[in-house]
Amino acid sequence: MSTLSQRPEVPVVGKPEPHESAAGHVTGAALYTDDIAISRADTLTAWPVQAPHAHALVKALRTEPALDVPGVVRVLTAADVPGVNDSGVRGDEPLFPTEVMYYGHAVCWVLGETQEAARLGAEAVEVDYQPLPSLITVPEAIEAGSYQGAHRITRRADADAALAAAPRVFSGVTEFSGQEHFYLETMASLAYYDEGGQLYIQAGTQHPSETQEIVAHVLGLSNNEVTVQCLRMGGGFGGKEMQPHGLAAIAAIGTKLTGRPVRLRLNRTQDMTMTGKRHGFYVTWQAGFDNDGKILALKATLTADGGWSLDLSEPVLARALCHLDNAYFIPALEADGRVAKTNKTSQTAFRGFGGPQGVFVIEDILGRCAPALGIDPADLRRRNFYTAGQSTPYGQPVRHPERMHDIWSQLLEDSGFAARSAQIEAFNASNPNLKRGLAMTPIKFGISFNVAAFNQAGALVLVYKDGSVLINHGGAEMGQGLHTKMLQVAATALGVERSAVRLAPTRTDKVPNTSATAASTGADLNGGAVKNACDQIQERMAVVAGGMLGVNPSDVRFSQGRVTGLGVFGKELTFAEVAQAAYMQRVQLSASGYYRTEGLHWDPEAWFGSPFKYFAYGAAATEVEVDGFTGAYRTRRVDIVHDVGDSLSPMIDIGQIEGGFVQGAGWLTLEDLRWDTSDGEGRGRLLTQAAGTYKLPSFSEMPEEFNVTLFDRAHEDGVIYGSKAVGEPPLMLAFSVREALRQAVGAFGPGGYEIELASPATPEAVFWALTEAKQLATPATATSASAPERAPVLSGS
Amino acid sequence: MDQTNITVNGQRRPLNGASAHTTALDWLRGNRLIGAKEGCAEGECGACAVLVAQSDGDGGTMWTSVNSCLVPVAALDGQEVVTSEGLGTPENLHPVQEKLAIAGGSQCGYCTPGFVCSMAAEFYRRDRTPTADGAAHEDRVPADGAAQADSVPAACGASDGASEHGPNGFDLHSLSGNLCRCTGYRPIRDAAYSIGEPAADDTFAARRDRPAPEPVPTTLEAADGRFIRPATLADAVQLLAENPTAVPVAGSTDWGVEVNLRGRRAPLVIAIDRLPELGALEFGDDELEIGAGVSLSEAERVLDGRVPLLAELFPQFASRLIRNRATLGGNLGTGSPIGDAPPALLALGARVVLASVDGEREVELDEYFTGYRKTVRRPDELIRSIRIPLPLARVTAFHKIAKRRFDDISSVAIGFALDITDGIVTSARIGLGGVAATPLRARNTEAALVGKPWTEETARAAAAVLDSEGTPMSDHRASSSYRSAMLSQAMLKFFGQTSEELEVTV
């Protein structure tokens, strides 16, 4: 067992704790970016001028009328950029564009004394556009050959030959749309010059270091002239990994030009129409099976809808290709991945980061083909699980494949799968208009950034003379409980009570060159760094305590704020006493910690290596009930068994599992991004651009019974205190909802046929699918109704 | 204007600086009460929820949760507001805050103050009564799926009430207007279902025993327009006669969205929600009158199931936060083709009472709508009340088709009201929403039903007719073919629901 993963006898990690800011959350005392911004006197508000075209040239921009609006202070345009007019890391995202690339693209920003003044000023700005032809859908982009970034192929064995030899071959098109993050707190930044005269940014960002870099680069400053702090975010989910940077830069330019604090908070519609989303994909596939349901080959072309700029589309695509296998051994695979360039928001990171899209493909194939193969879908899945000694198509040995089998067996038992399946069959037989479905799906998800360099982290730990501890680390808190876990890690590593440790806000002047808090790695990386810093301090304090207790430093034990020596009875010190003594002896009580993930390698050209430190496993069993009249449904029960290693903080982990699951279910069943694909004036406009039209799961979508079990005996060697990452994997447990719906739909028909289900599986989509299933049952009495094409949508409401 | 003030968390605060269109949310936040958040600015997410002391209709006060993003702050002149900060502090949590915190009910925390306020309103609801043994909660988990082969579909139409109350009587619908993107809701539900009764020394509980603040006639003039709360209907219609472009506003749940999302401003906003003449809620001998200023929550509470069709409608109408402010009058006043009330009221044969300086007139609701968001109401008229003729039809249902069961806008909504005597349909009124530029009566379908035996054959024939009523279009909510299909499906489902009852009663 590595020292990193080893826990002391009485660890603080592993105890269920609510979120460290819970008391602040419930009372409203916890501050978010705009809470700070509106409390500062003299703050200006920035407001965008958004283009009403999907693609157009900006022929003229007249800002003077805005300056006539009372309270308007300034209009920011490209001429005001002191450094580089680009907010991306790939140089393809002009901050003030001369070519509008999507409907809602901001062409300039107005600064006002009040939000109302800035808004009215933005309305007054006059812009002449020359509209250009646009590409909105992925099929349109494919037709036009409009791609961006690298074209990737993942390959194992000869998929064509394997397909040719396969007894059963299926093919299809799987198309699914993206997802709006809908973090409850929209994008927000506040910029001002601090007391020391440096540019200070408070921002909702998952990547403070990159926000700092982009702001510096846009303003022509060096990184040490810009400090970015992220106190907390009201949700991130990947949406704040890349896209806050340019917005922070706008606020920073405003501050540079006016000398005044500038706040920029997108309202919900601005956020939805300007910022990127989960990538929708268009996939064509062929899959070959043997007569026992073993997958023999898969051949697929995946086209991701990247939107107007590259952003994180390449690594998202990479993760999709690396998760096409999910938990299944696919002996022959050829998958071709491309990023389409369309005139839409630039799609970006979203919890799972391509993983859900890859998993979608294989789960869709298995769920669709199972009835035609005559095999129970849950059994079909289990038959194809990885077993010991097998590797992924990209060459990484699958460690602990037995966990997947064990989790599956446990879930079968915990959920009462067999008995309930039988009950459902009886229920369905006696209910012509109401059908239930119970489905199980697995997840195997790789943890680590695919880019090896990102797998590093820093921390700063300070012990004061009174024994109190203050920690800083590079990770951002967006609700996932990272700070709670880091407090527990520090208390465990130093051997103090949890209450002795405080955490200071994440800032680039405390811990430099940090990675995004993303890819579920926040606790792994920053936990490693925090522990490293604590270990250094404890090692020095042990020398001091050894002297005080009369034992060798290696025989000093720190636990729960008490310091003892092996074999020393009747004498114990407090952590504070040792800290005080260390100070008097001029022993350093602070340390900067560092962590890098060992053992990773990845060759993106050869598409080969071991990019992941380990795999997280889990499985879910979901039961739904579908109303045959309308296609409406409810989720009756969900059981989950999930592998978080030895949990650092069980209440936090269960919260991540439940929340991820429901968010995934939202993507797969409810959340419906619709763009105007007509040739009218609104072409390219996002039609579902507010909470009233884009519906998130609410209480009515919560599973009526929801049982989450953390997989036991799950120690993960080589990871902080034996734990595993939890942020993203559970999202993909929600495929069980989609598959349960498919099974309930299938129960309206005769069985034995492929059941296609559109995505998201809204009540309407389910209705058309079950109508088709019914028609299979009675082909002679086709009803007049049939599913429409996803027709161009013209109206706004 | 100088004397305008609001009592927030026990402290009187002057309204100075507020304009006619300033929302309560922006005003609170501008006063550094930052607990309430803007999540959507259209009353969909509930992050802005606060508590307002409103009359319980019985001489006392009800803590009522509202979306502060939709309410003009001037509408709260003289009122009492409590925010999450006022309920408790990190050192001294309110019981609801404590339950939510220890249950893991907050992750990012941004929606949390709003949840706290909605939960607190339910905590203080006087008629929240714990079930004896928590049976209502346990009912959700049938031991044997096959054994309870319920033929009445629960997945649609009426909400499954029994499954949405905690053992402590907590109604989950009180949180239907609050969205959380992080938790998946389970810990929030657990917290809600674990809250107890207010303690003996709870000051908010004690406040319920005293009357709520009276409405205060208000005039606020600012650069963006005027906000006036007249004292009487006469004053209101006079103002309207003099200012034809004025916007009359009750709950502001629709107008607030226009202000926030579409930047609309009006030279004059007239608050009509507390006009005594608009507050009727009375059963007469031959009609029920519901004042246009009565909130949907209040109507729901007072009617208490006596109009089954409305009882089915209420829980499906937006969310509790919206229903606490929204009115039937407002839902008819906007003239929207997708409002949920019109199909139900059309089925009930409702009439609309319009008032102006010239007096009153009564209009049949099915003659009220004239075009897309157009009605027979003149700019100088107010909707004073809605009248529903009695006796009510005996066989009724309200079907709402939407993506989400809580708080969604209908793709299609259908109100059914039939009288069936000796197995024969003697009268039929069917109201439709979402299938044309206006809400409408399904007259051909009604004709296909009257005089026919209430049999599956009749229902199928009527369904085929209903399928072609209206001219539904495709939009982001639903395709036109789904909308049409839902009409006929609703008829079949309605038959399925009622035929069972008939077997018992006929």
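## Exercises on a predicted two-chain model

Seven bridges connect strand S17 of chain B with strand S18 (residues 412–421) of chain B, and the two strands run antiparallel. The model is predicted, and the exercises below work through parts of it.

**Exercise 1.** Place S17(B) and S18(B) in their sheet, state the strand order and identify the edge strands.

*Solution.* Step 1: the sheet is open, has four strands and follows the order S17-S18-S19-S20 in chain B, with antiparallel pairing. Step 2: strand S17 (395–401) and strand S20 (440–441) of chain B each pair on one side only, and these are the edge strands. Step 3: to fix the register between S17(B) and S18(B), take B:His399, whose bridge partner in S18(B) is B:Ile414.

**Exercise 2.** Describe the open sheet of three strands in chain A and find which helix packs on the sheet.

*Solution.* Step 1: the strand order is S21-S22-S23 (chain A), and the pairing is antiparallel. Step 2: the edges are strand S21 (556–559) and strand S23 (573–574) of chain A, each paired on one side only. Step 3: two bridges link strand S22 (residues 562–565) of chain A to S23(A) in the antiparallel sense. A:Val563 stands opposite A:Leu573 in S23(A). Step 4: helix H16 (residues 522–549) of chain A packs on this sheet and touches S21, S22 and S23 of chain A. The direction of helix H16 of chain A makes about 115° with that of S21(A).

**Exercise 3.** How many residues does each chain bring to the contact between chain A and chain B?

*Solution.* Step 1: chain A supplies 84 residues and chain B supplies 80 residues. Step 2: on the side of chain A that touches chain B, helix H18 (residues 650–669) of chain A gives the largest share, seven residues. Step 3: sorted by class, this side of chain A has 38 nonpolar, 29 polar and 17 charged residues.

**Exercise 4.** Where in chain A is the pLDDT below 50?

*Solution.* Step 1: start from the whole chain; chain A averages a pLDDT of 96, and 97% of the residues score at least 70. Step 2: the pLDDT is below 50 over residues 790–797 of chain A. This stretch has 15 contacts in the model beyond near neighbours in sequence. Step 3: where pLDDT is low, predicted coordinates should not be read in detail.

**Exercise 5.** Which feature does UniProt place at residues 27–133 of chain A, and what is the make-up of the span?

*Solution.* Step 1: the unreviewed UniProt entry gives "domain: Aldehyde oxidase/xanthine dehydrogenase a/b hammerhead" for residues 27–133 of chain A. Step 2: in the model, this span is 20% helix and 32% strand, and its end C-alpha atoms lie 51 Å apart.

Note on methods. Residues numbered from 1 in each chain as written. Chains lettered and ligands numbered in written order. Predicted model: local features only at pLDDT ≥ 70, side-chain atom pairs only at ≥ 80, totals over all residues. Pairing = 2+ DSSP bridges. Contact = placed C-beta atoms within 7 Å. Nonpolar A, V, L, I, M, F, W, Y, C, P; charged D, E, K, R; others polar. Axes fitted to C-alpha atoms, helices over the stretch in contact; angles between N-to-C directions. pLDDT = per-residue confidence, 0-100. UniProt positions renumbered as here; feature names shortened; annotations may be inferred.
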